Amino acid sequence: MLSTICNAVKDNVFRHVRRFLALLSSAKVRSSNMNCDVVTTVKHDMSEPVVEITYLDGDKLVLKGAKLNCTEMVDAFQAMCTAKEQQAKIAAKK
Amino acid sequence: MAATLCVKLLPKQGWLPLTQIVRHGSKSVTRQRKPMHFLKQKLMAVTRYIPLPPAIPPGAYPRKIGQDLEGTPYMLNMKRDLKSLFQDCKMVAVVQNSSSTAQDMILLKYKLYKHGITVRLFTNQVMRSFLKDGVYSNMAPLFVGPTVLFVSKEPKVKEMLLCLKSSRYMLLLGACIDNTLMTAQGVVSYSKLPSVAVVQGELVSGLTMMTSHTASMLQRHPAHLSALLQQYVKQQSLDNSTEGTPNEEEAT
C-alpha cells in the first residue's frame with residue numbers, strides 16, 4: 001500500500017515526489033503488483049512531501065521527498081523490496 | 001495453394017469435385033518492377049546523391065540540452081494560444097496524468113467532451129514562461145512533471161470530478177476557475193456549492209422573513225404590541241441594571 005503526500009506549492013521540493021509517482025504509476029509497474037494501492041493526497045499547506053509505503057507484514061518505509069532525489073527514492077524502495085523478498089523466501093523454505 | 005487444392009480427394013467416383021480452381025498458371029501479383037535500362041542504370045549511378053561532409057565532426061561539441069526556446073516562433077505561437085485559452089475559458093484545471101494508457105486517455109477525453117471540457121497539453125517550459133509574465137504566476141509551481149490541462153468555457157466542476165474519480169491515475173493538482181486560483185480541496189468545495197439561483201433565493205428568503213415577522217406583528221392588536229414593548233423596555237432596563245452593578249463592584 002503506497003500513499004503519497006504530494007505538495008503542490010513549495011519551492012520545487014515536490015518535483016522528485018511527483019516524478020517518483022509518475023514512475024510508479026506506469027502501466028508496467030502497475031501490472032507487476034495488482035494488489036498495491038497507490039493513494040495520493042494533494043495538499044497545499046507547505047508541508048513536506050512524503051511517500052509512505054506499508055508492506056503486508058506491517059513494516060513502513062517513509063521516504064521524505066524534501067531530502068531525497070527521485071532515483072534515491074526508487075533505489076531505497078527497491079532495496080527494501082528485495083530484502084523483504086529474500087526474507088520471505090527464507091521463511092518459506094523453513 | 002492452388003496446387004494443393006487441385007489434389008483433393010473426390011468423394012466418390014463420378015462426382016463433381018468439391019472445389020473448382022478458376023485461376024491457373026498466372027501469378028497473383030502482376031506488378032513487378034521493370035528492369036532498368038542499362039543506360040538509365042549508368043545515369044542513376046553517376047548522379048547519385050553524395051551528402052556534404054559535416055563541417056563539425058559529430059563528437060566534437062556537447063549537445064545543446066535545454067535549448068532556449070524563448071524567442072522562437074513556436075514559443076510565440078504557443079503563448080498566443082495560451083493567452084486566448086485563458087481569456088475564453090472560465091475553468092482551467094491542472095491534472096497530473098502519471099501514466100494513463102492511450103485507451104484510458106481516449107475514454108476520458110470522450111467523457112469530458114460530452115460536458116464541453118477539452119483536454120489540452122502544453123509543455124511545462126511553455127507554460128512556465130507564459131505564466132511568469134502574466135497574472136497567473138502563482139500557478140507556475142503546479143506545472144511540474146507530466147501535466148495536462150482540462151479547459152472549458154463553463155465551469156463544469158462536478159462532471160470533471162466524476163470523470164477524474166473514475167480514472168485512477170489522474171490527479172487534480174489545482175484549478176483556475178473564474179480567475180480565482182483554487183487548490184484541489186477548494187475545487188471540491190466549489191463543486192458542492194449550490195447554484196447562484198439557489199443562493200440568491202436563500203438570501204432573499206432570509207431577508208423577507210424578518211420583514212414578514214414585523215409585518216405580521218404590526219397587524220395584530222395594538223394592546224398586544226404595547227404589552228410586548230413594555231416587556232422589552234423592562235428587559236432592557238434589567239440588562240442595564242445588571243451591567244451597572246458589576247461595573248460598580250469592579251470599581252469598588
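This report covers the fold of chain A, the interface with chain B, and selected residues and salt bridges.

The model is predicted: local features need pLDDT of at least 70, side-chain atom pairs count only at pLDDT 80 or more, and totals for chains, interfaces and linings use all residues. Residues are numbered from 1 along each chain as its sequence is written, chains are lettered from A and ligands numbered from 1 in the order in which they are written, and side-chain values use heavy atoms, with hydrogens and water left out.

## Chain A

Chain A has three helices and four strands. Here helices (H or I, at least four residues) and strands (E, at least two) are DSSP runs, numbered from the N terminus. Along the sequence the order is β-α-α-β-β-β-α.

Chain A has 94 residues, and 29% of them count as buried. Buried means under 20% relative accessible area, exposed means over 50%, and partly exposed lies in between (1.4 Å probe, protein chains only). The exposed surface of chain A is about 5,800 Å², with 56% supplied by carbon and sulfur atoms. Those areas come from the Shrake-Rupley method with a 1.4 Å probe; for residues, only the protein chains shown count as cover.

Take the contacts in chain A between residues at least 6 apart in sequence: 64% of them join residues at least 24 apart. Contact means heavy atoms within 4.5 Å.

## The interface

The size of an interface is often given as the accessible area lost when the parts come together. Between chain B and chain A, about 1,500 Å² is buried, and carbon and sulfur atoms give 62% of that. Buried area is the accessible area (1.4 Å probe) that two parts lose on being put together, summed over both. In chain B, V144(B), Y169(B) and L171(B) lose the most area to chain A; together they make up 33% of what that side buries.

In residue terms, 18 residues of chain B touch 17 residues of chain A. The rule finds zero salt bridges across this interface. It does find five residue pairs in polar contact, both residues at pLDDT 80 or more. A polar contact is a pair of N or O atoms within 3.5 Å; within protein, one must be able to donate a hydrogen and the other to accept it, and residues adjacent in sequence count only if both atoms are side-chain atoms.

On the chain B side, β4 (170–177) and α7 (184–192) are the elements that give two or more residues. β4(B) gives the most, with three residues. By class, this side has nine nonpolar, eight polar and one charged residues. Ala, Val, Leu, Ile, Met, Phe, Trp, Tyr, Cys and Pro count as nonpolar, Asp, Glu, Lys and Arg as charged, and the others, Gly among them, as polar.

Q96(B) lies in strand β1 (residues 91–97) of chain B. Q96(B) is buried, at 0% relative accessible area. A polar atom of its side chain lies 3.5 Å from the backbone oxygen of R18(A). Leaving aside neighbours within four places in sequence, the contacts of Q96(B) include R18(A), L21(A) and A22(A) from chain A, and V144(B), Y169(B) and L171(B) from chain B.

## Backbone outliers

Most residues other than glycine have a negative phi. D178(B) has a positive phi of about 55°, and N179(B) has one of about 60°. D178(B) sits in the loop between β4 and β5 (180–183) of chain B, and N179(B) lies in the loop between β4 and β5 of chain B. D178(B) is partly exposed at 41% relative accessibility, whereas N179(B) is exposed at 58%.

## Salt bridges

Side chains of opposite charge can pair when their charged atoms come close. The structure holds seven salt bridges over all chains. A salt bridge is a side-chain nitrogen of Lys or Arg within 4 Å of a carboxyl oxygen of Asp or Glu.

| Pair | N to O distance |
|---|---|
| K84(A) and D57(A) | 3.2 Å |
| K79(B) and D133(B) | 3.8 Å |
| D81(B) and R120(B) | 3.1 Å |

K84(A) is in helix α3 (residues 70–93) of chain A and D57(A) is in the loop between β3 (50–54) and β4 (60–64), so their bridge ties together parts 27 residues apart in sequence. K84(A) is buried at 14% relative accessible area.

K79(B) in helix α3 (residues 73–88) and D133(B) in helix α5 (residues 124–133) of chain B are 54 residues apart. K79(B) is buried at 17%, whereas D133(B) is exposed at 56%. Both belong to a network of salt bridges with E70(B) and K132(B).

D81(B) lies in helix α3 of chain B and R120(B) in strand β2 (residues 117–120), so this pair ties together parts 39 residues apart in sequence. D81(B) is partly exposed at 29%, and R120(B) is partly exposed at 27%.
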